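Please walk through the model below with attention to how one helix packs, what a neighbouring loop does, and where the main pocket lies.

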Amino acid sequence: MASTTSKKSKAEKSFDHLLDELKNSPSEKIRYNAARMLGELGDPSAVEPLIDVLINDKNGSVRLYAARALGELGDSRATQPLIEALVNDRNVDVRVRAARALGRLGGEEVVLPLVEALSDSNSQVCVTAADALVEIGPVAVVPLIASLTNEKVNVRCDAARALGELNDTRAVGPLVDVLNDEWVNVRIYAVQSLGKLGDKKSVPALIQTLQNNEENDLVRAGAASSLGIIKDARALLPLRELIMAADELGEIEDTALKSYKMIMAANWKAVPGANYKKVSAVAK
């Protein structure tokens, strides 16, 4: 019993010592190490001090580790301060960590700030915000769909990419509409996400994209790949025509051939003659 009490006392002292370092040490290295370790200890008593550091510490590294620790602690008291850090902190790394932490905390209130962060001036913040929205799950689908029509191209790109990871068929129609986007990167993410969603409603639009000779090669190859993933037999003839029309196989045709084989393997029973059974030519 005495041993247990001794260990508990030591742990409490360690926590108090870290808290004191976080608040009072003149060394930024000591402060950010204290923030990191407090997050790892998992004690909710550290939440308020870490929030104070996130808001007020002048050193970016200390604020970064405070944001990380708050994400690890998973306490909803940190939600609004992390949103403020995501929106307003001048340090890119702090905004990245805030986005990541908000993804772990989740909740409807973090979705809109993360969607707005898709237009951050730093691409790493944009990508991390999109990943955080994926981590949050279904509640992020509708705001992401709305972001497909955002005036900023990087927002549309990240929204299209994120929707492919959420496995929600509500995104199929809006992603099909995005196949007409003026920016090629948006269209590339759209065809890739349609393949990941695997909904056969997107097959006609993907076939049309594949057959459009004026479309970018990477978009057409992406459409061919997605058709192979979806494995709808309606794509067999368009894929075959594309392959047969080529003098030699480029990236589009090579992808089309792979997809053609995948669809054939999945649908061979429906191909005319597949169920043909040999019979004895002459009965003895």
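In this predicted model, helix H15 spans residues 236–244, and its buried residues are Leu236, Pro238, Leu239, Leu242 and Ile243. In an α-helix, residues three or four places apart point the same way, because there are 3.6 residues a turn. The buried residues of H15 pack against three helices: H13, H14 (217–230) and H16 (251–267).

The loop between H14 and H15 holds aspartate 232. Is this aspartate buried or exposed? Aspartate 232 counts as buried because its relative accessibility is 8%, and the cut-off for buried is under 20%. A polar atom of the aspartate 232 side chain lies 2.8 Å from the backbone nitrogen of arginine 234. Leaving aside residues up to four places away in sequence, aspartate 232 touches Lys200, Val203, Leu227 and Ile263. Of these, Val203 belongs to H13 (203–211), Leu227 lies in H14 (217–230) and Ile263 in H16 (251–267).

H13 also takes part in the largest pocket, where it supplies the largest share of the lining, 3 residues. Helix H11 (172–178) likewise supplies at least two residues of that lining. The space in the largest pocket amounts to about 180 Å³. Its lining consists of Val176, Asp177, Leu179, Asn180, Ala205, Gln208, Thr209, Asn212 and Glu215. Sorted by class, the lining of the largest pocket has 4 polar, 3 nonpolar and 2 charged residues.

Note on methods. Residues are numbered from 1 along each chain as its sequence is written. This is a predicted model: local features need pLDDT of at least 70, side-chain atom pairs count only at pLDDT 80 or more; totals for chains, interfaces and linings use all residues. Side-chain values use heavy atoms; hydrogens and water are left out. On a 1 Å grid over the protein atoms alone, a cavity is a set of points where a 1.4 Å probe fits but cannot get out, and a pocket is an open set with protein on both sides within 12 Å along at least five of seven lines; lining residues have an atom within 4 Å of a point. Grid points are joined across faces, edges and corners, and a volume is the space filled by probe spheres set on the points. Helices (H or I, at least four residues) and strands (E, at least two) are DSSP runs, numbered from the N terminus. Ala, Val, Leu, Ile, Met, Phe, Trp, Tyr, Cys and Pro count as nonpolar, Asp, Glu, Lys and Arg as charged, and the others, Gly among them, as polar. Buried means under 20% relative accessible area, exposed over 50%, partly exposed in between (1.4 Å probe, protein chains only). Contact means heavy atoms within 4.5 Å. A polar contact is a pair of N or O atoms within 3.5 Å; within protein, one must be able to donate a hydrogen and the other to accept it, and residues adjacent in sequence count only if both atoms are side-chain atoms.
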